[in-house]
Amino acid sequence: MKVSIIIAVYNEAATVATLLDRVWAQPLPEVTKEIIIVESNSTDGSREIVAEFVARHAIESAPRIQVIYQPGPKGKGHAIRQGFAAATGEILLIQDADLEYDVADYPDLLRPIIEGHTAFVLGSRHMGAERWRIRKLRHSGLQSMYMNVGGVLFHKLFNMVFGTRLTDPTSMYKVFRSDCLNGLNFTCDRFDFDYELLGKLIRAGFSPLEVPVSYKSRGFDEGKKIRVFRDPVTWVIAIIKSRFTALSVAKSRSQSVSTHERPQSDAVARAIGISTSRK
């Protein structure tokens, strides 16, 4: 079984080298590992760091590395969708290029899928001792409170609209069987993609299993890219649209745990609205 780890990179020069080295070194004895990096033409040297990482490991046979160099930034959601189109693994795992999450949590995230207990896992930051007060920005306690309260309100909104009881719908760690994407269509390009992906997977019948993960927040001065006055509006729209617009599913399915059937990459690309051509 193979896991495709999809990493969107844009202006993350301070962290991306460390992150890529950690992903490369993280042992996953039960699966083979494929690293897919989607670099969005950063202006801070991140593209050169990615190229150096790829060149350094070019002669090594595993894990397999794919890199997609986008001509310009089109948003995290767009980059992740392009990573989906390139993935060849039976399991997909989304990873940011910063260091807020710990790659040491990979085994716990993958185990329920590998052992056949579920098709979809969420890594919850809110199942530990910190609970909802997870965002701790060093230079602004007021901003931290704003972000934490906002997170709680959006989680409640998502759970109310979808009738769920998830502790962390906005977690980056969304890990699922690749065939969960069969027949689903995605259009969101920015951070609203988190809600669209989760909402449509739930509507397709894949109820996520939450497992606790580690989290260390970073501030806006450290590269956080959410726009607090723009992005929340897109999140509300994504929640409503993914819940109430028609869901196109190619075929009916139950949440079985068979991994024998792998969707063809071109079919996946058409479903998520991304071209498979890449440089």
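Which residue forms a salt bridge with lysine 174? Some notes on that and the sheet around it follow.

1. First, a caveat: this is a predicted model, so take the distances below as values computed from that prediction.

2. To the opening question: the partner is aspartate 194, with the closest N and O atoms 3.5 Å apart. Aspartate 194 sits in helix H6 and lysine 174 in strand E6, so this pair ties together parts that are 20 residues apart in sequence. Both ends are tucked away: lysine 174 counts as buried at 0% relative accessibility, and aspartate 194 is buried too, with a relative accessible area of 12%.

3. Lysine 174 also has a place in the strand pairing, since leucine 122 stands opposite it. Strand E5 (residues 120–124) and E6 run antiparallel and are joined by 3 bridges. Helix H6, for its part, packs on the sheet and touches E4, E5 and E6, its direction making about 40° with that of E6.

4. Now the sheet as a whole. It is open, has 7 strands with mixed pairing, and its order reads E3-E2-E1-E4-E6-E5-E7. The edges are E3 and strand E7 (209–212); each has a single partner strand, so one side of each is left without a neighbour in the sheet. From one strand to the next the twist averages 20°.

5. E4 deserves a look of its own. In the buried count, 6 of the 6 residues of E4 qualify, so the strand is largely enclosed by the rest of the structure. You can see this on both faces: Ile91, Leu93 and Gln95 are buried on one side, and Leu92, Ile94 and Asp96 on the other.

6. The neighbours of E4 show the mixed pairing nicely. With E1 the strand runs parallel, joined by 6 bridges, and serine 4 stands opposite leucine 92 there. With E6 the sense is antiparallel, over 3 bridges, and here leucine 92 stands opposite phenylalanine 176. Leucine 92 is therefore a handy residue to centre the view on if you want to follow E4, since it belongs to one of the two buried faces of a strand with 6 of 6 residues buried.

7. Helix H1 (residues 16–25) is worth picking out as well. H1 lies across strand E1 (2–9), E2, E3 and strand E4 (91–96), and runs at about 160° to E2.

8. Back to charges: the structure holds 11 salt bridges. One of them joins the side chains of arginine 64 and glutamate 34, at 2.3 Å from N to O. Arginine 64 lies in strand E3 (residues 64–69) and glutamate 34 in strand E2 (residues 32–39), so the pair ties together parts that are 30 residues apart in sequence. The two ends differ in exposure: glutamate 34 counts as buried at 0% relative accessibility, whereas arginine 64, at 40%, counts as partly exposed.

9. Another pair is arginine 81 with aspartate 189, whose closest N and O atoms are 2.3 Å apart. Arginine 81 belongs to helix H3 (residues 76–86), while aspartate 189 is in the loop between strand E6 (174–177) and helix H6 (193–203), so the link spans parts that are 108 residues apart in sequence. Here the arginine is the buried end, with a relative accessible area of 3%, and aspartate 189 counts as partly exposed at 29%.

10. Finally, a small group rather than a pair: Asp21, Glu52 and Arg56 are linked in a network of salt bridges.

Key
Residues numbered from 1 in each chain as written. Predicted model: local features only at pLDDT ≥ 70, side-chain atom pairs only at ≥ 80, totals over all residues. Heavy atoms only, no water. Salt bridge = Lys/Arg side-chain N within 4 Å of Asp/Glu carboxyl O. Helix = DSSP H or I, 4+ residues; strand = E, 2+ residues; numbered from the N terminus. Buried < 20%, exposed > 50% of the residue type's maximum accessible area, 1.4 Å probe, protein only. Pairing = 2+ DSSP bridges. Axes fitted to C-alpha atoms, helices over the stretch in contact; angles between N-to-C directions. Contact = heavy atoms within 4.5 Å.
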